[in-house]
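Visitor: Could you take me on a close look at a single part of this protein? I am new to this, so please connect what we see there to the rest of the chain.

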Amino acid sequence: RGHEGFATAAAKIRLAAKSGFYAQPGLFNGRAGMVAYLAAGSPHGLPARAARDQADRLGWHAVRYAGGVAFPGDMLFRLSMDLGTGTAGVLLGTAAALAPHGAALPFLARPADLPDSVPGSSQALQGVPEDRTLARR
């Protein structure tokens, strides 16, 4: 059943999810979380395009690392590979928007539900400069 407080909060979250700027890329505290939210947002009437637009903007945060791409964690001090704040979470949020059947964590999904590859992954490095590094404080 509906609740006025939840409806008000949902409207504010939808507005925030479409923002053009997020300081952090992570799933729990950044743009990747907004990508995942927007990808799951069709019950609220959010267009799939909004999720793709946010996923495209993840390139702002991308850093070349070990022949691939990585993302800084909370506070942007160092690269992170974890689910909540780092590269793993960015991958999950992106897959939620771009994979044909969304995304699932391997230990919570049946093997038949998991994709063999992520569409568009060959373009992941497109637009990321070769010499990009994190600034030190």
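Leaving aside its neighbours within four places in sequence, which residues is V90 in contact with?

Guide: Happy to! Keep in mind that we are looking at a predicted model. Once the neighbours within four places in sequence are set aside, V90 is in contact with P25, A32, L58 and F71.

Let's see what V90 belongs to. The largest nonpolar core has 14 residues, and V90 is one of the five that touch the most other members, along with V35, L38, L58 and F71. Helices α2 (31-39), α3 (48-57) and α4 each supply at least two residues of this core. Two of the partners of V90, namely L58 and F71, are thus on that list of five as well.

Now look at the start of helix α4, which covers residues 87-98. T87 sits in this helix. Is T87 buried or exposed? Its relative accessible area is 16%, and because buried means under 20%, T87 counts as buried. Beyond four places in sequence, T87 touches V69, A70, F71, S80, M81 and D82. F71 therefore turns up as a contact of T87 and of V90, if you follow the cut-off of heavy atoms within 4.5 Å.

F71 is worth following into the sheet. Strand β2 spans residues 68-72 and pairs with β3 in the antiparallel sense, over 2 bridges. Across from F71 stands S80, in β3. The sheet is an open one of 3 strands in the order β1-β2-β3, with antiparallel pairing. Its edge strands are β1 (63-65) and β3 (79-80), and each of them pairs on one side only.

Time to step back to the whole chain. The protein chain has 4 helices and 3 strands, and along the sequence they follow the pattern α-α-α-β-β-β-α. Of its 137 residues, 31% count as buried. Among contacts between residues at least 6 apart in sequence, 49% join residues at least 24 apart. On the outside, the chain exposes about 9000 Å², with carbon and sulfur atoms supplying 58% of that area.

Finally, a word on confidence. The mean pLDDT of the chain is 80, and 71% of the residues reach 70 or more. Over residues 132-137, pLDDT stays under 50, and the model has 14 contacts beyond four places in sequence for that stretch.

Conventions. Residues numbered from 1 in each chain as written. Predicted model: local features only at pLDDT ≥ 70, side-chain atom pairs only at ≥ 80, totals over all residues. Heavy atoms only, no water. Buried < 20%, exposed > 50% of the residue type's maximum accessible area, 1.4 Å probe, protein only. Areas by Shrake-Rupley, 256 points an atom, 1.4 Å probe, with all protein chains shown as cover. Core = buried A, V, L, I, M, F, W, Y, C linked by side-chain atoms within 4.5 Å. Pairing = 2+ DSSP bridges. pLDDT = per-residue confidence, 0-100.
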